[in-house]
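Please open the structure in your viewer and set it to show side chains as sticks, with the chains coloured separately. The tour below moves from one selection to the next and says what is to be found at each stop.

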Amino acid sequence: MIKLENIVKMYPGSGVVLDEINLHIKAGEFVSIVGQSGAGKTTLVKLLIAEEKPSGGIIHIGDWDITTIGSSVVPFLRRQLGVIFQDFKLLPKKTVFENVAFALEVAGTSPRKIKQIVPPVLHIVGLGDKHDRYPNELSGGEQQRVVIARSLVHRPKVIIADEPTGNLDSINTAEIIEILKKINEFGTTVVLVTHNREVVNHLRRRVVTLADGKIINDEKEGKYIL
Amino acid sequence: MTVFGRIIKFALQDIFRNLGLSAMTVFILVLMLLSVNTLWSLDVVTREAVALTKDQVNMSLYLKSSTLDKEVVELTTFLHTVSEVTAVQVVDRAAVVESFKQRHQLSPDVIQALTELGGNPFGPTVVVKAKEPQDYEKIIAVLNVPEYTKLIESKSFDQHEEILGRIQTITNRVESVGLGLTAVFAVIAFLIIFNMIRVAIVTQRTEISIKRLVGANNWFIRGPYLIAAVIFTLVSIGITAVIVYSTVSWLDKYVGVLFQNGFSLTNYYASHMLYLFSLEAAAVLVLTVASSSLAMRRQLKV
Ligand SMILES: Nc1ncnc2c1ncn2[C@@H]1O[C@H](COP(=O)(O)OP(=O)(O)OP(=O)(O)O)[C@@H](O)[C@H]1O
Ligand SMILES: [Mg+2]
């Protein structure tokens with residue numbers, strides 16, 4: 001599903017941030033990526049969503065070689081992925097419904113289909129009764145669930161989440177992780193970047209540990225080892 | 001709904017859900033347009049006033065009654081060769097007497113005295129017009145040769161001298177004030193535009209990055225901003241047109257008194273409106289589109 005071969009990323013001023021990363025994630029896997037601050041986790045995510053280009057190496061997602069795609073193709077790649085970040089990225093002047101619908105509107109989905117698809121997705125994340133709220137009328141946990149709903153709504157094959165629970169308390173964190181697990185059970189590949197030891201240990205799934213831009217540990221049923 | 005329909009929908013949502021910012025943008029654009037139009041009107045009125053006054057200024061050469069017709073022709077021919085002279089008009093003796101009588105219609109003693117004199121005591125008058133008020137000095141200088149001074153009884157220019165001087169200083173002052181105002185407006189316009197661009201960048205950058213994240217292509221990202229820019233332009237031009245029109249028709253009551261030749265700002269605007277406002281619309285559109293394009297430039301790190 002996702003294949004990174006000899007990935008090197010250098011930033012001017014920061015030198016080598018990712019160093020010869022080789023990583024293979026199969027369809028349907030739930031992979032946690034852990035590592036200390038500055039280890040290169042977010043950089044890895046940016047490479048996966050073609051926000052940044054690697055300095056060397058090849059990245060395959062599905063049938064795409066995303067290291068060579070042009071910028072006009074990037075929107076199509078993004079529509080295959082669900083992306084979730086720590087700082088909730090919602091459009092402030094759109095309602096919950098409109099924020100989720102937006103991901104379908106830009107892909108050209110018909111209004112009739114949008115009306116069919118969005119409500120059940122909002123129901124899954126527990127926001128069935130908050131369609132018309134604006135983001136500033138929601139709690140942090142609720143906002144993050146809207147982001148998840150938006151990343152789910154076009155049925156992506158892969159969900160990439162960079163510290164999705166970083167701003168949340170333990171109850172909200174547990175709920176978000178439950179949702180991600182449920183999505184994974186439906187067959188979606190999940191890549192979760194996290195700092196949260198409890199989350200990782202509780203999941204008992206594959207854990208990839210990064211340190212100084214290198215993979216230092218990769219275990220099938222791993223623990224948070226830092 | 002088509003892509004275009006959605007883009008328009010998003011543009012309208014952006015405008016109405018950010019009503020404060022939209023109103024502010026329109027307000028600033030209207031202010032800018034008003035200052036441009038003020039400057040424009042000021043320029044038109046000044047130019048008209050200066051032209052009118054210059055046109056009214058002339059110099060009369062009152063010739064001696066002994067002057068022969070041949071000498072008058074010689075004098076006018078010479079005047080035509082002076083490059084500063086734009087027009088020469090001869091008022092013959094008969095006409096001079098007529099206008100004298102006309103002027104003194106109500107004073108029977110003067111008319112009486114004229115009749116007692118018998119014959120025509122006046123010589124012809126030559127009216128000279130020059131391009132610029134200061135040219136009269138030169139014309140007087142070239143006429144200052146015995147050949148012509150012996151013909152000329154008196155010149156009316158001496159009485160005009162002061163007025164001409166005053167017009168000159170007023171014109172100069174208006175020009176320098178106008179220039180100063182232009183400079184001030186230019187600086188203000190620049191600051192406003194600069195700030196608009198900064199606000200646009202700050203508010204739009206996060207939104208753009210979000211839209212890219214969910215796979216919106218350039219049409220969905222640029223489109224609404226461009227449509228919004230067009231709408232802001234049209235609305236601010238419309239508001240400005242209404243304000244300018246009502247101000248100008250109010251002002252015309254006063255301007256009309258100053259200009260006896262029927263000059264009217266309303267008419268001026270009516271005949272130049274299309275040109276003026278489409279020029280301004282183009283400028284504002286370039287401005288708004290440029291500012292959102294600048295905000296669009298890819299500094300969009302997620
Ligand atoms: N745009 C950039 N330009 C230069 N250096 C960068 C850039 N982005 C990241 N870096 C550097 O790359 C290194 C890895 O950053 P990255 O954001 O991937 O870390 P991280 O593992 O996500 O850390 P955290 O857990 O704090 O989020 C850091 O040393 C950072 O300073
Ligand atoms: Mg990070």
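## A guided tour by selection

Begin by selecting A:Ala50, a residue that follows α1(A) and has a positive phi, near 60 degrees. Keep in mind throughout that this is a predicted model.

**Stop 1: the helix before A:Ala50**

Now select residues 41-48 of chain A, which form helix α1 and of which seven of the eight are buried, so that the helix is largely enclosed by the rest of the structure. If you wish to colour the buried positions, they are A:Lys41, A:Thr43, A:Leu44, A:Val45, A:Lys46, A:Leu47 and A:Leu48.

**Stop 2: a helix pair within chain A**

Next, display α3(A) together with α4(A), whose axes are 10 Å apart and which pack at an angle of about 125 degrees. That angle makes α3(A) oblique to α4(A), and the crossing of the two is right-handed. Which residues make the contact between α3(A) and α4(A)? From α3(A), select A:Val96, A:Phe97, A:Val100, A:Ala101, A:Leu104 and A:Glu105, and from α4(A) select A:Ile114, A:Ile117, A:Val118, A:Pro119 and A:Leu122. Sorted by class, the residues of this contact are ten nonpolar, no polar and one charged.

**Stop 3: across to chain B**

Keep α3(A) (residues 96-105) in view and add helix α1 of chain B (residues 3-17); the axes of these two helices come within 12 Å and cross at roughly 150 degrees. At that angle α3(A) is roughly antiparallel to α1(B), and their crossing is left-handed. On the side of α3(A), the residues to select are A:Glu98, A:Phe102, A:Leu104 and A:Glu105, which meet B:Arg6, B:Lys9, B:Phe10, B:Gln13 and B:Arg17 in α1(B). By class, this contact has three nonpolar, one polar and five charged residues.

Two of the residues just selected deserve a closer view, since B:Arg17 forms a salt bridge with A:Glu98 in which the closest N and O atoms are 2.4 Å apart. The pair crosses between chains, running from helix α1 of chain B to helix α3 of chain A. Is each partner buried or partly exposed? B:Arg17 counts as partly exposed, at 24% relative accessibility, whereas A:Glu98, at 19%, counts as buried.

**Stop 4: a salt bridge within one helix**

Select A:Glu178 and A:Lys181, both of which lie in helix α6 of chain A (residues 170-185), three residues apart, or about one turn of the helix. These two residues form a salt bridge, with the closest N and O atoms 3.6 Å apart. A:Glu178 counts as partly exposed, with a relative accessibility of 42%, while A:Lys181 counts as buried, with a relative accessibility of 17%.

**Stop 5: a salt bridge between distant parts of chain B**

Move to B:Lys138 and B:Glu84, which form a salt bridge with the closest N and O atoms 3.7 Å apart. B:Lys138 lies in helix α6 of chain B and B:Glu84 in the loop between α3 (69-81) and β2 (85-91), so the pair ties together parts that are 54 residues apart in sequence. At 44% relative accessibility B:Lys138 counts as partly exposed, whereas B:Glu84 is buried, with a relative accessible area of 18%.

While charged pairs are on display, also select A:Glu29, A:Arg206 and A:Asp218, which are joined into one network by salt bridges that share partners. Over all chains, the count comes to 13 salt bridges.

Returning to chain B, select B:Asp135, which is placed in helix α6 (residues 135-143). B:Asp135 is buried, its relative accessible area being 7%. Leaving aside residues up to four places away in sequence, B:Asp135 touches B:Glu84 and B:Ala130, and B:Glu84 is the residue already seen in the salt bridge with B:Lys138.

**Stop 6: a loop residue in chain A**

For the last selection, go to A:Glu137, found in the loop between α4 (111-124) and α5 (140-152) of chain A. With a relative accessibility of 41%, A:Glu137 counts as partly exposed. If you then draw a distance from its C-alpha atom to that of A:Leu152, 15 residues apart along the chain, the separation is 22 Å.

Note on methods:
Residues are numbered from 1 along each chain as its sequence is written. Chains are lettered from A and ligands numbered from 1 in the order in which they are written. This is a predicted model: local features need pLDDT of at least 70, side-chain atom pairs count only at pLDDT 80 or more; totals for chains, interfaces and linings use all residues. Side-chain values use heavy atoms; hydrogens and water are left out. Helices (H or I, at least four residues) and strands (E, at least two) are DSSP runs, numbered from the N terminus. Buried means under 20% relative accessible area, exposed over 50%, partly exposed in between (1.4 Å probe, protein chains only). Contact means heavy atoms within 4.5 Å. Axes are lines fitted to C-alpha atoms, for helices over the stretch in contact, and angles run from 0 to 180 degrees between N-to-C directions. Angles under 35 degrees count as roughly parallel, over 145 as roughly antiparallel, 65 to 115 as roughly perpendicular and the rest as oblique. A crossing is left-handed if the near helix is turned anticlockwise from the far one by less than a right angle, and right-handed if clockwise. Ala, Val, Leu, Ile, Met, Phe, Trp, Tyr, Cys and Pro count as nonpolar, Asp, Glu, Lys and Arg as charged, and the others, Gly among them, as polar. A salt bridge is a side-chain nitrogen of Lys or Arg within 4 Å of a carboxyl oxygen of Asp or Glu.
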